[in-house]
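This report describes one protein model for a first-year reader. Please keep the sequence and the structure in view while reading.

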Amino acid sequence: MLAYLSAAIAGFVPPAAIYLLKMRSSPFVRAHAVQAVNFAVTMMLYTVSALIVGAMLALDSVNVALLIAGGAAILLWLVALMQVTRAALAASSGSFYRIPGWLCAPVLRR
């Protein structure tokens with residue numbers, strides 16, 4: 001659960017540290033930490049993409065850039081927050097919740 005919550009707040013470094021510390025001792029923690037790292041890296045890539053699209057749109061109009069890229073980024077982060085909350089709740093109850101593939105690219109494998 002800590003891996004998911006730290007991924008939503010601090011990026012991929014805390015879940016990667018949890019993964020490195022627990023990868024051999026607990027398969028359950030390893031599976032959740034891998035998914036948290038994958039989620040954090042994917043969100044970072046989506047954020048960079050939104051910044052690039054926003055910068056390209058800002059060349060034409062700042063208002064259009066804020067409306068389109070900003071709105072898409074906010075919507076993406078709301079959906080991501082909902083999914084990571086579900087995964088964290090599943091981890092705290094001892095089960096596994098798979099974040100959808102379009103939202104969490106497999107960077108690390110279990």
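## Burial, helices and surface

Valine 84 is buried, with a relative accessible area of 3%. Buried means under 20% relative accessible area, exposed means over 50%, and partly exposed lies in between (1.4 Å probe, protein chains only). Valine 84 belongs to helix α4. Its C-alpha atom and that of tyrosine 4 are separated by 6.2 Å, although the two residues are 80 residues apart along the chain.

The model is predicted: local features need pLDDT of at least 70, side-chain atom pairs count only at pLDDT 80 or more, and totals for chains, interfaces and linings use all residues. Residues are numbered from 1 along each chain as its sequence is written, and side-chain values use heavy atoms, with hydrogens and water left out.

The protein has 4 helices and 0 strands, in the order α-α-α-α along the sequence. Helices (H or I, at least four residues) and strands (E, at least two) are DSSP runs, numbered from the N terminus. The C-alpha trace spans about 55 × 20 × 20 Å along its principal axes. Of the 110 residues in the protein, 32% are buried.

The table lists four further residues, with their place and exposure.

| Residue | Place | Relative accessible area | Class |
|---|---|---|---|
| Glycine 11 | loop between α1 (2-10) and α2 | 23% | partly exposed |
| Valine 13 | helix α2 (residues 13-22) | 54% | exposed |
| Tyrosine 19 | helix α2 | 13% | buried |
| Glycine 94 | segment after α4 (62-93) | 52% | exposed |

Distances in space can be set beside separations in sequence. Glycine 11 and phenylalanine 28 are 17 residues apart along the chain, and their C-alpha atoms are separated by 21 Å. For tyrosine 19 and tyrosine 46, the values are 27 residues in sequence and 22 Å from C-alpha to C-alpha. Glycine 94 and leucine 51 are 43 residues apart along the chain, with 37 Å between their C-alpha atoms.

Which residues make the nonpolar surface patch of about 710 Å²? Phe12, Val13, Met44, Val48, Ile52, Met56 and Leu59 make this patch. Patches are made of residues with over 30% relative accessible area and no salt bridge; like charges are joined within 9 Å, and nonpolar side chains (Val, Leu, Ile, Met, Phe, Trp, Tyr) within 5 Å. A salt bridge is a side-chain nitrogen of Lys or Arg within 4 Å of a carboxyl oxygen of Asp or Glu. Helix α3 (residues 27-58) gives the most to the patch, with 4 residues. Valine 13 is in the patch and counts as exposed because its relative accessible area is 54%.

The largest pocket holds about 200 Å³ of space. On a 1 Å grid over the protein atoms alone, a pocket is an open set of points where a 1.4 Å probe fits, with protein on both sides within 12 Å along at least five of seven lines; lining residues have an atom within 4 Å of a point. Residues lining the largest pocket include Val34, Gln35, Asn38, Arg98, Cys104 and Arg110. By class, the lining has 6 nonpolar, 3 polar and 3 charged residues. Here Ala, Val, Leu, Ile, Met, Phe, Trp, Tyr, Cys and Pro count as nonpolar, Asp, Glu, Lys and Arg as charged, and the others, Gly among them, as polar.

Note on methods. Accessible areas come from the Shrake-Rupley method with a 1.4 Å probe; for residues, only the protein chains shown count as cover. Grid points are joined across faces, edges and corners, and a volume is the space filled by probe spheres set on the points.
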